[in-house]
Every structure is written in structure tokens, then in C-alpha cells.
Amino acid sequence: MAEAPKDEMPKAYEAGKVEQKWYKFWLDKGYFTPRIDPKKKPFVVIMPLPNVTGGLHMGHVCFLTPEDIMARWHRMKGDPTLWLPGIDHAGIAAQVVVEKMLANEGTNRHELGREKFLERMYRWAEECRKTITVQEQRVGSSCDWSRERFTLGEGPSRAVRTAFVRLYEKGLIYRGERIINWCPRCATALSDLETDHKDIQGNLYYVRYPLEGSKEFITVATTRPETILGDTAVAVNPEDKRYRGMVGKKAILPAVKRAVPIIADEAVDPEFGTGAVKITPAHDPVDFEMAQRHDLPLVNILNLDVTMNENAGPYAGLDRFECRQAILADLERDGQLVKIEPYGHSVGHCMRCQTVIEPIASQQWFINTRPLAEPAIEAVQAKRINIIPERFTKVYLNWMENIRDWCISRQLWWGHRIPVWYCRDCGEVTVAVDEPKACGQCGSANIEQDPDVLDTWFSSALWPHSTLGWPGDTEDLGYFYPTTVMETGYDIIFFWVARMIMMGLEDTGDIPFSTVYLHGLLRDEKGEKMSKVRGNVLDPLDIMDKYGTDALRFALITDVSPGSDINLTASRLEAGRNFANKLWNATRFVVRSLKPGADIEVKRDRLTVEDRWILSRLSGTIASVNRLMDNFQFGEALRQLHDFLWGEFCDWYIEFAKIRLGSGEKPSPLPVLVHVLETSLRLLHPFMPFVTEELWQNLKQRLPAGWVETESIMVAAYPAADKKAVDPQAERVMEAIIEVIHAIRNARAEHKVESGRWVEAQVYAGELKSAIAPYAQTIQRLAKARPVSFFESREEMPPGDNVLALVLKSSEVIIPMESMVDPEAERRRLGQEIAQTGAEVARLEARLEDKAFLTKAPPAVVAKERDNLSVRKDRLERLQQRLGELN
């Protein structure tokens, strides 16, 4: 295939040849790096952090696209724009990935040792960072790569240690024994937010505890009989008359024969089970709180691998679920298992590996979040921070008002190691930003650092200010903080957004951002959430290879409102690709129509109605798009842009312009064509950056020197509405003309008029007659109608019985039926179709009256034949009606 001439655009748009070229051009020009200008207010977005667990997935593209739209829009508006990229070390998620690699190699982290394991982790993280960066650039992300950050980098790491030490010194970080969610598979504590609670169908076991020194029993109900071994009390409600005589006595635990008190507590629900409940403070958060109130001891019965420990007596060494079966067998043998009832209840699972978690009392590090939550609540209530969509404000406030202390320690090696050192000599702790050489209390050098690391969300909570240099007083922090928008998924509003607000206010005294924009989740064509388990995950690289990056961005944004889930379908992707092709063809037409030295200045005093119309519609679209962008309605903005460019500029104005260019009619439409196209490409650029840059550059090459002042559309000015161009009368006239053409085209299609046949049309246009009549030839060409007659009043119109009357918004169109069809030929055609359809009806009726068929045929086949009969009867009736009209 011969290469297209250099001065002519290729016939088709090939995204693959364009995208890499323009991204490198933007990068080389330094367009992504903002200049600090104290006279201007910056626009700042801090990128949500991709994890170093592999490459990008479609969920990443869901946030990269709207963030890039915002960054490009503000950059074109002249705002110093910083979109700061970064990578998250991902804590447990990344460690699990590398540990699986080691297992495949026949080793593990313990054999490697901590130092060698961390070296391996850093190598993996760097590989992922490089891969992710290339993929982010493929999406078109206009980030300032010179400011890219890593959560374990030197700056963010110092910020983490500083924040920890300050919170500790204020008494907001403490170490204590609390119930934590323990994942035996990941071998670490999990926060409440990292635990999925699933409803499962289990059992409620009724067990009799004998009373000490008595033949009486008290019966308790439990879903976890293995935890009987850790009971330290039996509790009843003080108002429950059934047990008033038992409070203060002691019950004997089965198997281990330990005596425990029977206590009264208002937290006990008399309606649950028997109204008497076992209290296992070391393995249940509610029981733990009750134990604090009644000064009960904690008896931990589990090892960290969730086998039973020495406190489990004869069951020591058994797995937790093996122990359950063993103790049930023993209870039944001893006559203490009263009954078993089916019981549905919620059970915690590890979010990452889906292992059933075990509540265990453990020494962990916690943040007292209540003092941090109060100013974070006030910031949202006072509208200093706005959450979009608004409905998530209530969700945020409800969670913050009921916030629990945050367990921040994790039993991992990969992450920010807790900056706490224990003295082996005096037993005191030293908490410091920089590693101490000796104990801060006694001066001994015999100190050891806490082996645990911080929850990965701790460093993420500092991200808006740690990336800009905090705790240092940097130029970036002074200019770019607070940031402008935090764009992320609504599913991590608690994990991340709430914690950023708390820590931003705590560390800097100011909000971290003024707007939270939440996007929805990505779903497949059936509305199912995309996941590896379901096997419906799409690779964004494959999609971009097939449809182009701009098509993918279009599919993820158009007609999608904030916070709404997105069903990514092939039809949406095809629509995006088709739109890019439509723009390509439109630009190619304009470029081919431009001749050297052509006058492209728009002269306002020489405009036709269609010129005034498209300029008015352009101005209206610009005003609407800018308003929608201000309100974060990106999906609606792109929909309106698509409808204007495809449905008005391409489908109508260009078609009108072709007629004028073909006839040499003056004034030429070229100045308006160029103006609307160039302006529209700038308007569309934030949404579809690659195709718009390619088209803009092709157009720019054909324009007079100096007509376009910038090297790239990316740094050209974003269009502003021209109020002088607004022309309601031109819009009204063109709407009427388009409506007439539409109506005639639809009538031709409905009546199956041959493509080469001209139809006659009479148009009653009322007061618009004088404005529409000059477009008779245009209507004839575009509607395949000749002659087209115009009348100001119905009385002027010739009489006619056999006509099709089309009543429109601003006019009425009359089409004589004989102009659409040859009556005799149509009668013959209808007669043939009636005969054929009638024969099919008779055949189906006979078949459905055949008892043998009805008896032997499957019900589905019989139903299908009945449906066929109904369809053909309806068709026969319509054919007969049409023939009647002709006769």
C-alpha cells in the first residue's frame, strides 16, 4: 500500500502510530511540570497510589482518566497545574506476592533473613514502578514525573516517622492489648476496614455448664464451641428474672474444668439463645469490653497459626476447626450438648486472601482516632471540604462519628518499621525520628527496634503533604498545599480519604484538599464487578491496542455521573473508536478543502444562517461544557461535546458546507469550518488528547503562519464562550430546516422508497417561510426531495387526499403518496407479500391444530411456533391495511 503524500492526511486514523509520538513530544517539551507563580492559584491533584503488586488494571484507568481530564483542562485555562504521581509499597499485598515467588523457588523469607528479603522486595518494587509508569503514560497521564514519589522513599519515610513520633508524644499513639483481627494465612493483624464480613449459614450450639457445688446447670448458646476453653465468665442480663438466683455463683467449664463467675451485664441480649452467654475476652471484641468492665482475666487459647495452645488443655496442638469437632464430640459424650440449631451469622474474612480471621487479644500499636476525627468531621460539615457526589457526605460523617481506634502495627517485614526501640536493660522504650544509638532513659546501647511495620494506610494518610516535602518547610509545600482535588473510588473513602483528612489537619493545621471527587466501580457488560475470581477482568493494554486510548477514555467517561458504577461494554468502546474516526474524517475533509492562501478569517457581517447557527451552538456548547467541568460533571460534558460534534457539526454543518463548496457559493464556509473545528478540538482535548493533538497539528500545518501561536494543543487556551455569537433566531431557523430534512428521510425509510427515487414535499412553514425557503436546494439534496414547495399558510397549500402529513415542531410537511411509490407496482408488491404471508399463517395454524404435533413436540417448540403465528398475523394485518390505503 502506497504511503499517503506528506501534505495529505491518511484515509484512516491509526491510534497506535500517533499516541507514543505525541506523548514523547509533550514529555520532551516539559508541559507536565508546572512553574510556581505566586500571582496564580495552582490546581493540584495527588494521584491515588498504584500498588507494587504487578501492572495496571482497569481500576487504575478509572481514576487516571478523570484526573488527566482535570489536569489538562486547568492547564489549558492557564492555571499552574500539578498532577503528582506516586507508587505505594502496598505492605501485605506486595509481601504476599514476593513470598509466593520465593515459595516457587523452594525458599521463604525466614531462610533469606530480613535484610536479604527486603533487598528482594525493593528489586520487585522497582520493576513494578517502571512497568506502571510506562502504562500510566500509555493512558495519556500528564503527570509531573520529576516529582514522582514512592511511599518508602526518603522523604515520605521521614514524614511517617515524624508523624508517628508527634502522635506518640501527644498520647495519641499507644501500645496496648486489644482484640485485633488476625489473619493466619497472612500472619498479621488487620484493621477493621481490611476485614470482609460475610453472611454464612452456621450453627448455634447449646451447651450446659454445671454450677459449682450444685446439680444445677446454666445453658449457653455459641457459634464457636472451641472458644469455651478461653471462657472467663458466663453473663446474663440483670433484668432477666430467669437467672437472678445464679448471678454471683460459678460455672464449671467443660473439658478444662475451670470455674468461672456468672455475672450480670446490660449488654447481654435476653432474646439471644437462652439469654445466658459465654464470655471469651481474648477472642471476642464485645466480650473484651465486658471483661474490662468486670475486671475479668484474658485467656488466649490460640497460637498465631490458629492451632490450640497450652491453655486449651487436652486439645492443645489441634487446628481451631479440628478442635471444634473434637470438643463437640466430647460434649455430646458427656451429655452437655443440649441441641444444635441452624444459624446464619456474619463471619470476618481477610480482604486479601479470604481466610476466616480470628479475633485475638494481642499487644499492638493503636492510634486514638477520636481527637483526630473531630476536626475532620467539622471540616466537612463546614463545607471546607466538599464530597462529590453529595450522598457520600452522610456516609463519611456516619463512619467518622462512630470511629474506633486504629490498629496500625502489622507483623510484616515490608513497610515502614515502627520507630520504637526497647531497652533490654531498663525495659523502657525510646521513640525517635532518627535511629538512636542508646536508650533515651538509661543510656544503654543494648536496644532493639520493634520488629513490626506500620499499616500501609498510615503512610498513605500523609500522602498529600508528605509528597510536597513535609515536615520540611519547602517551596512546594508552601505553594501547592492544600491541594485542590482528591479523586478516588468511593470504596476507599474510609481507608484513605478520611485518614488523609485527619492526618492532614493534624500535621499541617490545614485541610489536605478542598474537594473529594469519587468515581464508581468498574463492572462488566452484565453489571458484575470485575475480579480475577469471576474471570471478567479486562487488560487495559489489550483494549488500547484494539480500540485506541482515546476510545477507552471515552468509554469510561461519557454519560457517567460522579460516583456511578460503569458497565464497560464493547458497544461503549466501539462508540469511542467511531467518534475518533468521525473526527478524523471531518478534519480530513476540512484540510483537503483548504487551499494555499485561502482566507480563513470569520467575517461576522458575511455569515449565512447556517454559519450563525453553528457559531451560536458552538458558543452554547462551550459555556455548557465549562459549567459542567466546574461542577465535576465530566460524563455529561463529554456527552454534549459528542452530540455537538457528531450530531450538529459533522452531520449537518459539514453537509451544508459541502453543497456550498461544490457550487462555489459565496461567502465560503471555510472560515467557519476552520474556526469551529479548531475550537472544538481544543474543547475536546482534555477528554481525548491523542486524536485531538494529531488533528490539530494537521490543521495547523495548513493555516497561515502566526494564526496559531502555540506548539501544541495541550498548552493552547481552553475555549471561552462568545456571547456575541449567540443567535436564537438562527438556531430556530436551522432547527426547522433540519427537522424538515429528518422528517422526509424518515418517511422515505418507513415506506421503503427506492434510493434513486425523488419524492415531492410541500412545507407549511408559517412565519419561518422566508427564512427556510432559500434552503430549498439544500433540502432537495439532503432529503432527496424534488420539488420542495413552501407555503406561509395552510390555505395556500394544494388539496390532496392520498398524502402523508408530518406535523413537526415549527412546520408541517405534506408528501403526496404517489411521489413515494408507483401505486400499481406497490399494489402488486403488497399483493405478493399478502399471499406469501397468508400462506405462512395458514401453514402455522394447521400445524398448531395438529394434535400429534402438540403432543410430541417439546413445549418450547410449540411456544415458538405460536409466537411465529402471532408475528405473521400482525404482519398480514399491516400489509392488508397498507393495501387498503392505496386502494
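Reader: Which residue in S14 does Trp182 stand opposite?

Author: In this predicted model, Trp182 stands opposite Glu358, which belongs to S14. The pairing involved is that of strand S5, residues 173-183, with strand S14, residues 358-367, and these two run in the antiparallel sense over 10 bridges.

Reader: And what holds strands like that together in general?

Author: As a general matter, the strands of a sheet pair through backbone hydrogen bonds, and the pairing can be either parallel or antiparallel.

Reader: OK, so in what order do the four strands of that open sheet come?

Author: The order is S6-S5-S14-S16, with antiparallel pairing. Strand S6 (188-190) and strand S16 (406-407) are at the edges, where each has a single partner strand, so one side of each is left without a neighbour in the sheet.

Reader: What about S9 and S11, do they pair in the parallel or the antiparallel sense?

Author: Strand S9, residues 233-236, and strand S11, residues 259-264, pair in the parallel sense, over three bridges, and within S11 it is Ala264 that stands opposite Val236. S11 also pairs with strand S10, residues 250-252, this time in the antiparallel sense and again over three bridges, with Ala251 standing opposite Val260 of S11.

Reader: How many residues sit between the strands in the hairpin of S10 and S11?

Author: There are six residues between the strands of that hairpin, and Ala255 takes a positive phi near 70° there. Another positive phi, of about 55°, is found at Lys784, just after helix H24.

Reader: Let's switch to H24 then. How many of its residues are buried?

Author: Helix H24 covers residues 776-783, and six of its eight residues are buried, so the helix is largely enclosed by the rest of the structure. The buried ones are Ala776, Thr778, Ile779, Gln780, Leu782 and Ala783.

Reader: What do those buried residues pack against?

Author: They pack against H19, helix H22 (728-750), helix H23 (769-772) and strand S27 (785-791).

Reader: Which residues touch the most other members in the largest nonpolar core?

Author: That core has 154 residues, and those touching the most other members are Leu568, Phe649, Phe687, Ile744 and Ile779. Helix H19, residues 634-663, gives the most to this core, with 14 residues.

Reader: Which residues does Ile744 touch?

Author: If we set aside residues up to four places away in sequence, Ile744 touches Val759, Ala761, Ile779, Ala783, Ala785, Val813 and Ile815. There is also a second, separate core of 62 residues, and Leu454, Trp470, Met500 and Ile501 are included in it.

Reader: Trp470 makes me think of His465. Is His465 buried or exposed?

Author: His465, which is found in helix H12 (residues 463-466), is buried, with a relative accessible area of 0%. Apart from neighbours within four places in sequence, the residues in contact with His465 are Trp470, Leu477, Tyr481, Met503, Gly504, Asp507 and Thr508.

Reader: And Val672, which helix is it found in?

Author: Val672 is found in helix H20, residues 670-684. Because its relative accessibility is 2%, where the cut-off for buried is under 20%, Val672 counts as buried. Beyond residues up to four places away in sequence, Val672 touches Val602, Leu607, Asp611, Ile614, Leu615 and Tyr653.

Reader: Last topic, how many cavities of 30 Å³ or more does the structure hold?

Author: The structure holds three cavities of 30 Å³ or more, and the largest has a volume of about 120 Å³. The largest cavity is lined by 16 residues, and those nearest its centre are Tyr517, Leu556, Ile557, Val560 and Ile566.

Reader: Which helix gives the most to the lining of the largest cavity?

Author: H2 gives the most, with three residues. Sorted by class, the lining of the largest cavity has nine nonpolar and seven polar residues, but no charged ones.

Reader: And how do the lining residues of the second largest cavity divide by class?

Author: The second largest cavity, with about 50 Å³ of space, has a lining that divides into five nonpolar, two polar and three charged residues. Among the residues lining the second largest cavity are Glu194, Arg410, Trp414 and Asp455, while helix H3 (91-104) and strand S21 (453-454) are the elements that give two or more residues to this lining.

Technical notes
Residues are numbered from 1 along each chain as its sequence is written. This is a predicted model: local features need pLDDT of at least 70, side-chain atom pairs count only at pLDDT 80 or more; totals for chains, interfaces and linings use all residues. Side-chain values use heavy atoms; hydrogens and water are left out. A nonpolar core is a set of buried Ala, Val, Leu, Ile, Met, Phe, Trp, Tyr and Cys residues joined through side-chain atoms within 4.5 Å. Buried means under 20% relative accessible area, exposed over 50%, partly exposed in between (1.4 Å probe, protein chains only). Contact means heavy atoms within 4.5 Å. On a 1 Å grid over the protein atoms alone, a cavity is a set of points where a 1.4 Å probe fits but cannot get out, and a pocket is an open set with protein on both sides within 12 Å along at least five of seven lines; lining residues have an atom within 4 Å of a point. Grid points are joined across faces, edges and corners, and a volume is the space filled by probe spheres set on the points. Ala, Val, Leu, Ile, Met, Phe, Trp, Tyr, Cys and Pro count as nonpolar, Asp, Glu, Lys and Arg as charged, and the others, Gly among them, as polar. Two strands pair if DSSP finds at least two bridges between them.
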